[in-house]
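Me: Could you take a close look at the aromatic ring pairs in this model for me? I would like to see how the rings are arranged and how their residues sit with respect to the surface.

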Amino acid sequence: MTRREFVTLLGGAAATWPLAARAQQPAMPLVGYVSVGSPIGHLLGVFKQSLAEAGFVEGRNVAIETPSADGHYDRLPALAADLVRRQVTVIVAITVNPALAAKAATATIPIVFNVADDPVELGLVASLSRPGGNATGVSFLFSDLVAKHLGLLRELLPNAVRFGLLVNPQSANAENLTKNATVAAAAAGVEIIVVRASDPGAIEDAFATLVRQRADALMVGADGYFLRRRVQLTTLAARHGLPAVFTTREYAEAGGLMSYGTSLPEAFRMTGLYTGRILKGAKPADLPVVQSTKFDFVINVPTARALGLDVPATLLARADEVIE
C-alpha cells in the first residue's frame, strides 16, 4: 500500500467514526406533556425546574412536547393516541380528562398524572399505595373542598341563602362536584344553583342565569379549562357583583375574591420529580400516588372592597396571603 493510499484510507475511516458514534448513541427521551389547553406558563416552568433537579434538562438530555386540546375535551383521545404512536418515553397528563385519555390509550407507556380527584375512583390506579399498572402521580381532592368553599362564603355572607356552583360538564369530576355541593348545601339548609359551561359564551350565559336566579354567591368548580379562563371568570364575577370562591390562588391573583385549595406549584413540582424518577428507570407500579397536602387560602381585599364587603377579621387571620 502506498503512503497516499494509506492516508486516504485513514481519512475515510475518520469521517465515518463520528457517524457511527452518533448512530450508537441512545435517542433522547421524549416526555409528552398533555393538557386540555395551552400549558400555564409558571406551572410548566415549575415542572421543568423540578425535572431538572432530578437530572433531566430540556434540550440537553430530555425533550418535552406539550400537545394541547385547546379546550376541546373530545380531542384528548386523539392526542393521547398520537403520543402512543410516537412511542414517547413518558406521558405527563395534567388534570383528570387527559389522564383518562392516556390510560385508555396505553397499558405500557408510563403515565404520570396530576389530577384533582381520587385516582382510585377514576380507575387510574388499583390503590394509592400500590398503583399496580403503568400510571402514578399526584392527586389533590378538590371535589371534597366544596363544603369548605360553602363554609367560607357563609362566614363572609351570613345572610346568603342561594349559592351558585359552576361546573364544566365535559370534565370527569363534574358529577362528583355537583353531588358534593348538593349534600353540603342540604346540610347547611341553603339552596344550590348548578350552572354548566364549557366555552366562553356558555360562561357568559351561566353568569346571566345566576343573576336571573338571584344567586348570593358563587363557587367555581375545579377544572383545567376554567383555570385558563380565570380572567374571564373573575371579571364576570366583579361585573355582576357576585362574591365568588375559587380553587387555587391563581384566581385570587387574577382578581378573584377568595381562593382555597391545593398549591398548584407544589403539585407540579412533585409531578416533575416523579417524571424524573421514571426516566431513571422506576416503574409506575412501584411508586405510590402522592397526595398533595399544601393548601393556600388567599383573600383579595381590593376585590372585597369593590364588592362592598367587609371581610371578617377571623377570615383574614386564617388566610395564608392577603392581597392588598
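Reply: Happy to; here is a walk through the ring pairs.

This is a predicted model, in which local features need pLDDT of at least 70 and side-chain atom pairs count only at pLDDT 80 or more, while totals for chains, interfaces and linings use all residues. Residues are numbered from 1 along each chain as its sequence is written, and side-chain values use heavy atoms, with hydrogens and water left out.

Rings of Phe, Tyr and Trp (its six-membered ring) pair if their centres lie within 6.5 Å; planes under 30 degrees apart count as stacked, over 60 as edge-to-face and the rest as tilted. By this rule there are four aromatic pairs. In one of them, Phe246 and Tyr251 are stacked, because their ring centres are 4.7 Å apart and their planes meet at 10 degrees. Phe246 is buried at 1% relative accessible area (buried is under 20%, exposed over 50%, partly exposed in between, with a 1.4 Å probe and protein chains only). Tyr251 is buried too, with a relative accessibility of 1%.

Tyr260 and Phe295 form a stacked pair, with 5.8 Å from centre to centre and 20 degrees between the planes. This pair joins distant parts of the chain, 35 residues apart: Tyr260 belongs to strand S10 (residues 258–262) and Phe295 to strand S12 (residues 295–300). Strands here are DSSP runs of E, at least two residues, numbered from the N terminus. Tyr260 has 18% relative accessibility and is therefore buried, whereas Phe295, at 32%, is partly exposed. Ring pairs also bring in Phe297, linking Tyr260, Phe295 and Phe297 into a cluster.

Note on methods: Helices (H or I, at least four residues) and strands (E, at least two) are DSSP runs, numbered from the N terminus.
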